[in-house]
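This report describes a pocket, a cavity, a helix and a group of aromatic rings. The structure is shown first, and the description follows.

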Amino acid sequence: MDVSIILDGLWTALQPVNLLWLLLGAVLGTIVGILPGLGAATGVAVLIPLTFGMEPVSALILMAAIYYGALFGGSRSSILINTPGDGSSIAATFDGYPMTKKGMAGQAMSIAAMASLIGGIMAIFGFIFLAIPLANFALNFGPAEFLLLFLFALSAVVTLSQGNIIKGFLTMFLGLGISTIGVDLQSGVHRFTFGVPHLTDGIDFIVIIIGIYAMGEVLYNLLKPKHAETSNGQNIGSKWFTKDQWKRSLAPIIRSGPIGFFLGVLPGSGGTIASLLSYSTEKQISKNKDEFGKGAVEGLVAPESANSASAVGSLIPMLTMGIPGSGTTAVMLGALVMIGITPGPLLFENSPDTIWTLINSMFIGNLILVVINILMVGMLVKILKTPPNVLYPIVLILSFLGAYTLGYSTIDFYILLIAGVVGLFMRILNYPVVPLILALIVGGDMEQNFQRAMVVYDSPMDILFASPIAIVLAILTVLSLCYPLITKLLRKRKAAK
């Protein structure tokens, strides 16, 4: 590792013009992340025309800053108003919003920012030392491996519903059913479109997410006005987390960073799967399982660390192989080609200065984002002082705008309302939402990979033994499904003793 190249990259990243683009990207990314339905991919896509005529390195710095800035910002609305900015911010609602209702909004946002910082920095070190080996490892994933990876993620998330495993499976199957809406890419058959042209491309999962969380929350609070008043009270708590919260958070942050990073490297996995899987893992090994979903700080920092790390990880397949690891990196890939940067293995050999400038800018950018997000805490928590009769219409307006900008179709308004009613009944009847959302996200890819795997292999059993990776993933899937039974037996044996 040539130290001079590293220092040259740092010097380039510290140039005033690059620092300006870095700051602009961090601020814009945070704002885009806060607004429901937009997300990093939209932010990068909108600003692509701005990169024309820019220095290629500066354009790369700007787009990367928007990307991980949006992940920082996405948890703000999740924590404050139970409305995820995008799919990767869903897990922040599970314990972030309950912390807000307990009067700990400031603490939740500041410790979430620190978790994102540490997860991002851990991933940057992983990028430095593991980029090429991990990119080569990701090439070993074929249809069978991806299918089993998605099955493992689903099985792990269903175990979040301990005590409600049956309900978890039911909502998972509902999500898989919704994911089948549209045209089957293999046969060309229209499924459950009911003659509506807009549904031929399927339902965007972001519309369902906004409906279930934002619309569902508003409808639930309208049915319980007293609850609405208390949840938006004047008690916003401290702007900084306590020593005890930090002590409980450090280990989950460190454990979740690598999970997010490695899942980010796998093309198509994305921050949503990384954050949900890290939340599931943390809940399973935590000594405070009963606190999860009620404001456990571990349940907030684990997915935030994994989410931030997955963004850095997803840059690896894009830069080393030209394969986008997420929707945002797919947009970035097209923009990089247009501005003269050709991703691939030769990029690291022919333009190491570009790579090291990006790495150094990510270090600086994560520090800038922590400062920005912590300074914004005081301003953002004022949202909680907004009267419910003002706040809820604003949430509804943002929800409808977010849904409309995804497909520019009024059909999404009806889907949004239906999802809101479903979210309301799921909350009243205590049905877990997470399995539905994850199944909706991975359902299409699961189906495509299953069909491709069946072309290669003779039977589903052959898929389980397709490779050592497939065998390991199959074993992990079985163990995750058996985990609640194992823990229940251990508790009974411990109680008997």
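## Pocket, cavity and ring cluster

The lining of the second largest pocket comprises 13 nonpolar, 9 polar and 8 charged residues. Here Ala, Val, Leu, Ile, Met, Phe, Trp, Tyr, Cys and Pro count as nonpolar, Asp, Glu, Lys and Arg as charged, and the others, Gly among them, as polar. The model is predicted: local features need pLDDT of at least 70, side-chain atom pairs count only at pLDDT 80 or more, and totals for chains, interfaces and linings use all residues. Residues are numbered from 1 along each chain as its sequence is written, and side-chain values use heavy atoms, with hydrogens and water left out.

The volume of this second largest pocket is about 1,000 Å³. Among its 30 lining residues, Phe94, Gly293, Asn430, Tyr431 and Pro432 are the closest to its centre. Helix 6 (91-101) supplies the largest share of the lining, 5 residues; helix 10 (205-223), helix 13 (270-285) and helix 20 (411-428) each supply at least two.

The structure also holds 1 cavity of 30 Å³ or more, and the largest cavity encloses about 70 Å³. Of its 10 lining residues, Ile81, Tyr97, Glu217, Leu391 and Tyr392 are the closest to its centre. Helix 19 (388-407) is one of the elements that give two or more residues to this lining, as are helix 5 (56-81) and helix 10. By class, the cavity lining has 7 nonpolar, 2 polar and 1 charged residues.

Helix 10 has 19 residues and reaches 26 Å from its first C-alpha to its last, close to the 27 Å expected at 1.5 Å a residue. Helix 10 bends by about 30° at Gly216, and 15 of its 19 residues are buried (under 20% relative accessible area, 1.4 Å probe, protein chains only).

Among the 10 aromatic pairs in the whole structure, two are tabulated below. Rings of Phe, Tyr and Trp (its six-membered ring) pair if their centres lie within 6.5 Å, and planes over 60 degrees apart count as edge-to-face.

| Pair | Centre to centre | Angle between planes |
|---|---|---|
| Phe94 and Tyr279 | 5.0 Å | 65° |
| Tyr279 and Phe292 | 5.6 Å | 70° |

Phe94 in helix 6 and Tyr279 in helix 13 are 185 residues apart. Phe94 counts as buried because its relative accessibility is 12%, and Tyr279 is buried at 5%. Phe292 lies in the loop between helix 13 and helix 14 (297-321), so its pair with Tyr279 ties together parts 13 residues apart in sequence. Ring pairs thus link Phe94, Tyr279 and Phe292 into a cluster.

Terms used
On a 1 Å grid over the protein atoms alone, a cavity is a set of points where a 1.4 Å probe fits but cannot get out, and a pocket is an open set with protein on both sides within 12 Å along at least five of seven lines; lining residues have an atom within 4 Å of a point. Grid points are joined across faces, edges and corners, and a volume is the space filled by probe spheres set on the points. Helices (H or I, at least four residues) and strands (E, at least two) are DSSP runs, numbered from the N terminus. The expected span of a helix is 1.5 Å times one less than its number of residues. The bend at a residue is the angle between axes fitted to the seven residues ending there and the seven starting there. Buried means under 20% relative accessible area, exposed over 50%, partly exposed in between (1.4 Å probe, protein chains only). Rings of Phe, Tyr and Trp (its six-membered ring) pair if their centres lie within 6.5 Å; planes under 30 degrees apart count as stacked, over 60 as edge-to-face and the rest as tilted.
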